[in-house]
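Visitor: I would like a close look at one part of this model, the place where the two chains meet. Please set that part in the context of the chains themselves.

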Amino acid sequence: MMISQLFVLSQRGDNIVFRDYRAEVPKGSTETFFRKVKFWKEDGNAEAPPIFNVDGVNYFHVKVVGLYFVATTRVNVSPSLVLELLQRIARVIKDYLGVLNEDSFRKNFLLVYELLDEVIDFGYVQTTSTEVLKSYVFNEPILIAPARLQPIDPAAIFTQGAKRMPGTAVTKSVLANDPGGRRREEIFVDIIEKISVTFSSNGYILTSEIDGTIQMKSYLSGNPEIRLALNEDLNIGRGGGGVSVYDYRSSSGSGVILDDCNFHESVRLDSFDSDRTLSLVPPDGEFPVMNYRMTQEFRPPFHVNTLIEEAGRLKAEVIIKIRAEFPSDIIANTIAVQMPLPNYTCRASFELEHDAVGQKTDFKESSKMLEWSLKKIVGGAEHTLRAKLTFSQEFHGNITKEAGPVSMTFTIPMYNVSKLQVKYLQIAKKSSSYNPYRWVRYVTQANSYVARI
Amino acid sequence: IVGVFFFHLSTHETPPVNQNISTILAAPSSDLSSILSDRVTSRWFLLRWISRRTNSNHISTATISAMPPPAASSRYPSPSQPSGKSEVTDLKSQLRQLAGSRAPGVDDSKRDLFKKVISYMTIGIDVSSVFGEMVMCSATSDIVLKKMCYLYVGNYAKGNPDLSLLTINFLQRDCKDEDPMIRGLALRSLCSLRVPNLVEYLLGPLGSGLKDNNSYVRTIAVTGVLKLYHISASTCIDAEFPATLKSLMLHDSDAQVVANCLAALQEIWSLEASHSEEACREKESLLSKPLIYYFLNRIKEFNEWAQCLILELAVKYVPSDSNDIFDIMNLLEDRLQHANGAVVLATVKVFLQLTLSMTDVHQQVYERIKSPLLTLVSSGSPEQSYAILSHLHLLVVRAPFIFASDYKHFYCQYNEPSYVKKLKLEMLTAIANESNTYEIVTELCEYAANVDIEIARESIRAVGKIALQQYDVNAIVDRLLQFLEMEKDYVTAETLVLVKDLLRKHPQWSHDCISVVGGISSKNIQEPKAKAALIWMLGEYAQDMSDAPYILENLIENWEEEHSAEVRLHLLTAAMKCFFKRAPETQKALGIALAAGIADFHQDVHDRALFYYRVLQYDVHVAERVVSPPQQAVSAFADTQSSEIKDRIFDEFNSLSVIYQKPSYIFTDKEHRGPFEFSDELGSTSITPEVSSDIVPAQQFEANDKDLLLSTDEKDDNKGLSSNNGSAYTAPYESSNISSQMQELAISGPAASATTTQSSFDFDDLLGLGLSTAPAPTPSPPLLKLNARAALDPRAFQQKWRQLPISLSQEYSVNPQGIAALTVPQSLIKHMQSHSIHCIASGGQSPNFKFFFFAQKEAEPLDYLTECIINSSSAKAQIKVKADEQSTSQAFATVFETALSKFGMP
């Protein structure tokens, strides 16, 4: 362990908080860090890796909502430990501020200092439990209205690997009370699945994977025990072999087969093997109850068909067809389709369907990127985009090698491809009238959804 | 507005006044004006004037309250750090007004001011000058105020030792507060002052803090002891705090208190160990079986971070037998399902280290950990994935066959950051074998059209590397040649370099390649490396490429425009080669090239041209033999990383060494080596002689390793081509060739060794390890007698070392006494000298020492050169012997081993 300094920088490189625990790293580490990250490679394209060494000082950073959470040390520490810690610190701060962004951070920097003082002492991690930390925090959070919430980078949710949905995330501080001074008894359970699919040029699935999380955020008072029941036909373990604790069942059988999963430390698995229930006393704040990974075949929610054809000396035509392969009572939203066009494309004109609503198209000249966004797609529907390209020079060889692949991002609420379900959510009763709100929500998001052409 | 104002001020008003202000502060009661010198007075008033203007216009106490830390606008690219002096002066006077006040609502005003001070401190404005006022205002019962004050004091105390004395009073008082929170916070601040002459004030509060009935106070007190140790080690030791911590560690009911005790004791004892035998023993005792089991049995009571600490400790534990190993693994099995990657990796390390001697179990561990690690890769943020993936990368390269069927997990996703993609490409390269190469290469070819040019390049290089490590390269060659048809500059450039390497290894493919390469116009190639590769092929295959002489002639005519010396060098050589094959067509071009080369401003180009010219003048046939000998296929390219270094990195699993792909001694200085330094000295001493026979000796599992997956030798021969592209880190890269190693080591010739001998002897004596001054007792007559007075100068040694083949390479265990004596290289040098084995050069730090020894057969001028690497944590010595007389090298090795085994013995 032994972290020397911890600081948070804004996108522009300003210190928002800065804490030195061991006074081992010379002054100017924030500037050194920021310069290095900004100008990692001369061409500015390659991102700086999360860990690097400058003059014997190791810099670790994670980017969360556009802010840099940075730790420095001179010691040869466990890299995972520091990165996990930085990510956890960001989450704890979010638990307290309700909304995490630069604005809320600046308004509450003293509260953040209080947290940092207790999380690390002399470079050693003490606790990252939102609940334990509660007794050490004396500043009231200055909340910013969720309505004003503008994520700094809308794409951040996909690139940062944050496992929450914009808009549905709970934006309430663990310290906050509802009007009237009463806390509403409620608990949120989100089953979030990020799917990665690669289609070959002839439409076959080359690779597919589901990375899922069961995320919980509890506002229950008195820490009641909770039982979470999953599908009874849930199987774990596939491939691999040898010394696994799991027993291997035939993968041909029906049911949900996870390749592997891991659990939050509060989860007890006493009856997991027999009836697939997890029991836990949820700590305050947001945390992942269980992460899982699945490569079992599933039906991809969208089928993408792309055609690029030469149409004369300096022209070509692109046709992109997407078909929603899910039931019609499900609606996907915020769909974006991207396709790199040949380098010498100078113009693109688009043709949407006649009845297209809420669709937008764009050609980004600088990056030669075709962009097509759709507000929503109803299950079973099919949409087509035609684009006519004009080139600045004649092309040689194979045009399909110069363009693509087509990638998609989307969010599908109340739908999960793995079929993993929370069958019930049982809360140990304190009294007969005790009946907290329980929210169980499903969402599927694209992680890397790519169709080659 | 504030930001702009700062900027204005800092450009016009630079001389520091802080010092003067703090002098004033030191005597808070005296009259201001009487102290101020005229010069200061004038500046002071100037500042006052500006600040008053600011005050009236912009800042009032009322508006400060809602103000976030001011953002220093446009910090980049020219950081103009605001000095904020007028603001500070202003704050100072406001604080002063509030200091004595007991008016209602005064705490709120103080809060606003304190908040402003902290926010300045955060953005780097020096607010140390309000130290006195902050202390004066600290008399409050408001805990938020107190905490801000503690934060402030901790930050500036070190620079203001005199003022810090002012804080002692109120901190000591708070240490006795009835609220445990206040007691804890005050104790933490007290210990964070870092002022050496105040340590006496720490002892009392720390002593009672360790006995406090509240666990929060105790956790802080334990860390406080460690802080005290760093301010004044002797004070801490004399007060016998370590002993108190030890007893707390074993008996306290609070897990965090126990964890902090462990952390503090590890740090204290490993720092003390260098000069105290007792600390060595204490450090060793942390690894005793009862203690390890005490921690492991209750590991779930600790939070995840403390679990990592315990797991790190368990890694260093030497199990007594295989039951012990399985007990620990069963105990920790469920840690592999933890959602925290740090816990999982620490557990993985324990498993890997424990099973090193059990080949088949070790392999099962690989199988077992694969899935949890892959889950962590896909469940975390890109940064977390990267850390895990780096470790998977290490495992994949060590045991590619275990991961061969998982290759799809290492396909790149389009939205991954380039640092993740790069790692994945390397992993795909490593695991490519007969069964998966087709799929992997197909996938890599898709990336060659990637929008990210850097990744496209890496993908092509990966294809090339796979081609070089496969026996059947037929299909891959076709793919590479298809790249050339893509007509993208960078694709062509990368491909040319690869085709060149491929031809050097597999000349049989020349026909296919040359016909395609011949079609490339040299005009389209700009990158020096690619141009050099093309020119090399033109020279090498001049007879197969009809227009080779003319392309070369064209390039030579543009000599002046060729900026890269590398290209010009290749041009000279290619012109020569072409000349030998097709003299009439090349003669003119060669003449121009030689003339231009001799006139070249670049020394190497000039020298080479002159050399070619002269050797041609001397004899054309000799020139041909020198410059264009018959082609020979290169069987293997040099590896940039020796397997020794790879093993070091594996030993340092779950550390930055894995991320940087360098052993820690390259990028850390000794005092910051962390847990490894600790392990180095400790691991060795705990191998006691009475270890039961169930333990497989080190030597034996080394042999097993070679059979199975631990060997890193296979496949590595191609890595040399990568030229360590990842060396973006500033830590120096260790080149593996012998001459540079020699330079790094301290050359201690015979002349120098006399003095080092003396000093090391003193040192050893101090430790009481009893290296006697008298020559070591005569060993049972060895078969080989060595010349006690042999001498060889380092340069001659170096030359000889390069020429001779390795005649013997062995590994010995070093006895614990020897390891204990090996605190500095000199101790061993002296010892070996008494056995007529002389040191030429030595270097390294704990745990890795490296020596070059030299010995000479008695009465015959036959030399034995030895490279000896001793790892004090594994207690292993690896030697490589080179000898003039190969037949006696085994006899020499026996002498060497005997001598080594006596090291450290009284």
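Guide: What follows describes the interface of the two chains, then the domains on either side, and last one sheet of chain A.

The model is a predicted one, and the values below are computed from it. At the interface, 106 residues of chain B are in contact with 109 residues of chain A. Between them, the two chains bury about 9100 Å², and carbon and sulfur atoms account for 54% of that area.

Charged and polar pairs also cross this interface. Eight salt bridges are found between chain B and chain A. One of them links Arg88 of chain A to Glu304 of chain B, with the closest N and O atoms 2.7 Å apart. Polar contacts across the interface of chain B and chain A number 40 residue pairs, with both residues of a pair at pLDDT 80 or more.

On the side of chain B that touches chain A, the largest share comes from helix α22 of chain B, residues 359-379, which supplies ten residues. Sorted by class, that side of chain B has 50 nonpolar residues, 34 polar residues and 22 charged residues.

Now the domains. Chain A is divided into three parts: domain 1 covers 5-134, domain 2 is made of the segments 184-239, 253-298 and 415-451, and domain 3 covers 302-413. Between domain 1 and domain 3 of chain A, the distance from C-alpha centre to C-alpha centre is 39 Å. For chain B, the assignment gives domain 1 at 521-630 and domain 2 at 786-902. The C-alpha centres of these two domains of chain B are 47 Å apart.

Last, the sheet. Chain A contains an open sheet of four strands in the order β14-β15-β10-β25, paired antiparallel. The edges are formed by β14 (267-268) and β25 (422-427) of chain A; each has a single partner strand, so one side of each has no neighbour in the sheet. For β14 of chain A, two bridges make the join to β15, residues 277-280 of chain A, and these two strands run antiparallel. Within this pairing, Val267 of chain A is placed opposite Leu280 in β15 of chain A.

Key
Residues are numbered from 1 along each chain as its sequence is written. Chains are lettered from A and ligands numbered from 1 in the order in which they are written. This is a predicted model: local features need pLDDT of at least 70, side-chain atom pairs count only at pLDDT 80 or more; totals for chains, interfaces and linings use all residues. Side-chain values use heavy atoms; hydrogens and water are left out. Two strands pair if DSSP finds at least two bridges between them. Contact means heavy atoms within 4.5 Å. Buried area is the accessible area (1.4 Å probe) that two parts lose on being put together, summed over both. A salt bridge is a side-chain nitrogen of Lys or Arg within 4 Å of a carboxyl oxygen of Asp or Glu. A polar contact is a pair of N or O atoms within 3.5 Å; within protein, one must be able to donate a hydrogen and the other to accept it, and residues adjacent in sequence count only if both atoms are side-chain atoms. Ala, Val, Leu, Ile, Met, Phe, Trp, Tyr, Cys and Pro count as nonpolar, Asp, Glu, Lys and Arg as charged, and the others, Gly among them, as polar. Domain bounds come from an automatic or database domain assignment.
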